Amino acid sequence: MQRPVISRNGTQLPPYNTTYYFDQLIDHNDPSKGTFKQRFWHTYEFYESGPVIFFTPGEENAFQYVGYLTNVTFNGLLSQAQNGTTVVLEHRFFGLSNPLPSLTGENLRYLTLQQSIDDIEYFVNNVHLPMPGGDHLDAPWIMVGGSYSGALTSYAMYNKPNLFYAGYASSAPVQAMYDYWGYFEPIRQNMPGNCSADVQVVIEHITEVFEGNNMTAIQEIKNTFGMGSVQHLDDVAGGIKVRSNLWDWQDMQPTTGPGAAFYQFCDALEVKEGISASMDGWGLEHALAAWGAYWKESYLETMCGAEDIATCLDSYDSTATYFTNTTIDNPYRSWNWILCNELSFSQSSPPPGVPALVSRIVQPEYDIRQCYYWYSDVFNTTNPPPMADGAAALSDQRYGGWNVSLDRLFFANGKRDPWREGTVSADGLEIPSTVSQPIFVSDGFHASDLIVDFGEADPSVGAVQQHALEIFSGWLSDWSN
C-alpha cells in the first residue's frame with residue numbers, strides 16, 4: 001500500500017499511481033486524423049510556485065516509472081529543492097498509449113522521433129495539470145531523461161529551442177550510429193580483468209573456428225554450449241540472446257551485489273575449485289569448457305524454458321511469434337522500430353585491432369535482416385529498412401547528435417555505462433563542459449545518477465547529483481517569464 005501523499009500545505013493528494021489521460025494528436029502533420037489517449041502521472045507534493053519537472057521514460061510501459069514523481073529519484077529531488085511539480089508522460093506506442101490498436105509496421109509509421117518530440121510540445125502547451133491552477137501555470141518546464149529519454153531531452157531542446165527552460169540528460173546516447181560496437185567497450189574496460197581476458201580468448205577461438213571449414217570443430221563448439229542443433233553460426237556465435245551474458249552488465253548499479261547475473265557469469269568462468277584466476281584468466285581450455293557448462297546447466301533454461309533450443313535461438317524463422325506478435329504493450333517491438341528506422345545502434349563486434357567480447361561474425365547485417373522479419377508488412381527488397389541506408393547519420397543531422405550546443409542542458413554520464421560511447425563523454429571525444437552546457441562524469445553505470453540511493457552508495461554519483469542541484473538552482477534564479 002502506498003503512503004498518503006501530502007502537499008506542503010497539508011492537503012492529501014491523489015496517490016502517485018493515479019493515471020491521467022491527455023488527448024494527444026495521432027499525427028502532428030495532419031490533426032484531422034484525430035487523437036488518442038496518452039497516459040501521464042502527476043503530483044504537486046512539493047509545489048510552491050516552482051518549475052514543472054517533466055519526464056518520459058521512453059521505451060517502456062511508463063506505469064513502472066511512477067516512482068519518478070518522488071524524491072527517491074533526481075526528478076523528485078529537484079522538484080523538492082525548487083518547490084516544483086513532477087510529471088511522467090508515457091511515450092507513444094509504448095505501454096497503453098497507442099495511437100492505433102496494434103503494432104504493425106503500417107501503424108508504427110506514426111512512431112518517429114519527430115512525432116514523439118511533437119507529442120511533448122503539444123502536451124506542454126495544452127495539458128491541464130490536475131492541480132490548482134494547473135491549466136495556466138506560470139512556470140518554467142524542465143525536461144529530465146535517462147538513456148533514450150535522455151537523448152530525447154537533447155533532441156527536444158535542439159528541435160524546439162523555446163519549449164524547455166532547461167534539461168537534464170542522463171546516460172544519453174545522443175549520437176545515433178549504424179555500428180555501435182562501442183556498447184561493449186565500457187564493459188570490457190570495467191569488468192573483472194580475468195573474466196575479460198577469458199571471454200576474449202574464447203570469442204577469438206570461436207570466431208577462428210567458425211570462419212574455417214573444420215565441421216567437426218564447429219560442431220564441438222556448438223555441443224559445448226548446448227547448441228548442437230542450432231543451424232546458423234551467427235545465432236550460435238552472438239545472436240540476440242547469446243549476447244545476453246554481456247547485456248547483463250546494463251543491469252549493474254552501485255548497489256549491485258555479488259549475486260548479480262553478470263558476476264555469476266564471471267564466477268562460472270574464473271572460480272575453479274574455490275580459487276579465482278589471476279588477472280590473466282585461466283586460459284582457453286578451462287574458460288571454453290566453463291562457459292559452455294554455465295550455458296548448458298543454467299543460462300539456456302533461463303532464456304528458453306521448455307522451448308526447443310534450436311527454435312528458441314533461431315533468428316532466421318520469420319514466422320516466429322517473436323517477430324509476428326503485433327499486440328500493444330510490446331516494448332521490444334516498438335523500440336526495434338525506432339532502431340530499424342532512425343537510430344540503428346547495432347551492438348556488434350569491434351573493428352580489427354580492438355579486443356573483442358563479441359564474435360566478429362556478428363555484424364550489423366545480422367540486425368538489419370531481422371528488421372525485415374519484424375515489419376514484413378512494410379520492409380522488403382525494394383523498400384529496405386532505413387537502418388541500412390544512413391538513417392543514423394540523418395538523425396544526427398536533424399537532432400544535433402554530439403554537436404549540440406544548448407543553453408541550460410546538463411549532461412550526466414557514467415564511466416561504466418555501456419551506452420557511454422554514444423554520449424558526449426565517449427572516449428576520445430573531448431567535448432568541453434561549459435557553464436551553459438555542463439558535462440559531469442561519475443564512476444556510475446547506466447543512468448545511475450537518476451536514483452538517489454545510487455548517489456548514496458557511490459560518492460561520485462552523489463557528487464554529480466549535488467552539482468546538478470546547485471546548477472539548476474542558479475539557472476532557475478535567473479528565470480523570468
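**Note on the predicted structure**

1. Helix H1 spans residues 74-82, and its buried residues are Phe74, Asn75, Gly76, Leu78, Ser79 and Gln82. The model is a predicted one. In an α-helix there are 3.6 residues to a turn, so residues three or four places apart point the same way. The student may wish to keep this rule in mind when looking at the list of buried positions in H1.

2. What do the buried residues of H1 pack against? Their partners include four strands, namely S5 (52-55), S6 (85-89), S7 (141-146) and S8 (166-170). The buried residues of H1 also pack against two helices, H16 (452-457) and H17 (459-477). Just after H1 comes Asn83, which adopts a positive phi of about 60 degrees.

3. The largest pocket has a volume of about 1200 Å³. It is lined by 40 residues, and those closest to its centre are Glu59, Glu60, Gln250, Trp335 and Trp419. Two or more lining residues come from each of helix H3 (148-159), helix H13 (331-343), strand S12 (344-346) and helix H14 (364-374). H13 gives the largest share, with 6 residues. By residue class, the lining of the largest pocket consists of 23 nonpolar, 11 polar and 6 charged residues.

4. The second largest pocket holds about 490 Å³ of space. Its lining has 26 residues, and Trp141, Asn162, Leu163, Phe164 and Tyr165 lie nearest its centre. Helix H2 (residues 113-126) contributes the largest share of this lining, 3 residues. The lining of the second largest pocket divides into 14 nonpolar, 8 polar and 4 charged residues.

5. Side chains of opposite charge can pair when their charged atoms come close. Over the whole structure, 15 salt bridges are found. One of them joins Lys37 to Asp23, with the closest N and O atoms 2.6 Å apart. Lys37 belongs to strand S4 (residues 35-43) and Asp23 to strand S3 (residues 20-25), so this salt bridge ties together parts that are 14 residues apart in sequence. Lys37 is partly exposed, at a relative accessible area of 48%, and Asp23 is also partly exposed, at 38%.

6. Which residue meets Lys160 in a salt bridge? The partner is Asp118, at an N to O distance of 2.9 Å. This pair links distant parts of the chain, 42 residues apart: Lys160 sits in the loop between H3 and S8, and Asp118 in helix H2. Are the two residues buried or exposed? Residues with a relative accessible area under 20% count as buried. Lys160, at 16%, is therefore buried, and so is Asp118, at 11%.

7. Another salt bridge brings together the side chains of Arg420 and Asp427, at 3.1 Å from N to O. Arg420 counts as buried, with 7% relative accessibility, whereas Asp427 counts as partly exposed, with 47%. In addition, Asp27, Asp30 and Lys33 are linked in a network of salt bridges.

8. The structure contains 3 disulfides. One of these joins Cys195 to Cys266, with an S to S distance of 2.2 Å. The torsion about their S-S bond is about -85 degrees, so this disulfide is left-handed. Cys195 lies in helix H5 (residues 193-210) and Cys266 in helix H9 (residues 261-270), so the pair ties together parts that are 71 residues apart in sequence. Cys195 and Cys266 are both buried.

9. A disulfide is also formed by Cys304 and Cys312, whose sulfur atoms are 2.0 Å apart. This link is left-handed, with -80 degrees about the S-S bond. Both cysteines, Cys304 and Cys312, are buried.

10. Cys340 and Cys371 form a disulfide as well, with their sulfur atoms 2.0 Å apart. The torsion about the S-S bond of this pair is about -90 degrees, so the disulfide is left-handed. The pair links distant parts of the chain, 31 residues apart, with Cys340 in helix H13 and Cys371 in helix H14. Both Cys340 and Cys371 are buried. Helices H13 and H14 were also named among the elements giving two or more residues to the lining of the largest pocket.

11. How are the bonded cysteines paired when they are numbered in sequence order? The pairing is 1-2, 3-4, 5-6.

Technical notes
Residues numbered from 1 in each chain as written. Predicted model: local features only at pLDDT ≥ 70, side-chain atom pairs only at ≥ 80, totals over all residues. Heavy atoms only, no water. Buried < 20%, exposed > 50% of the residue type's maximum accessible area, 1.4 Å probe, protein only. Contact = heavy atoms within 4.5 Å. 1 Å grid on protein atoms, 1.4 Å probe; cavity = no way out; pocket = protein on both sides within 12 Å on 5 of 7 lines; lining within 4 Å. Points joined across faces, edges and corners; volume = space filled by probe spheres on them. Nonpolar A, V, L, I, M, F, W, Y, C, P; charged D, E, K, R; others polar. Salt bridge = Lys/Arg side-chain N within 4 Å of Asp/Glu carboxyl O. Disulfide = S-S within 2.5 Å.
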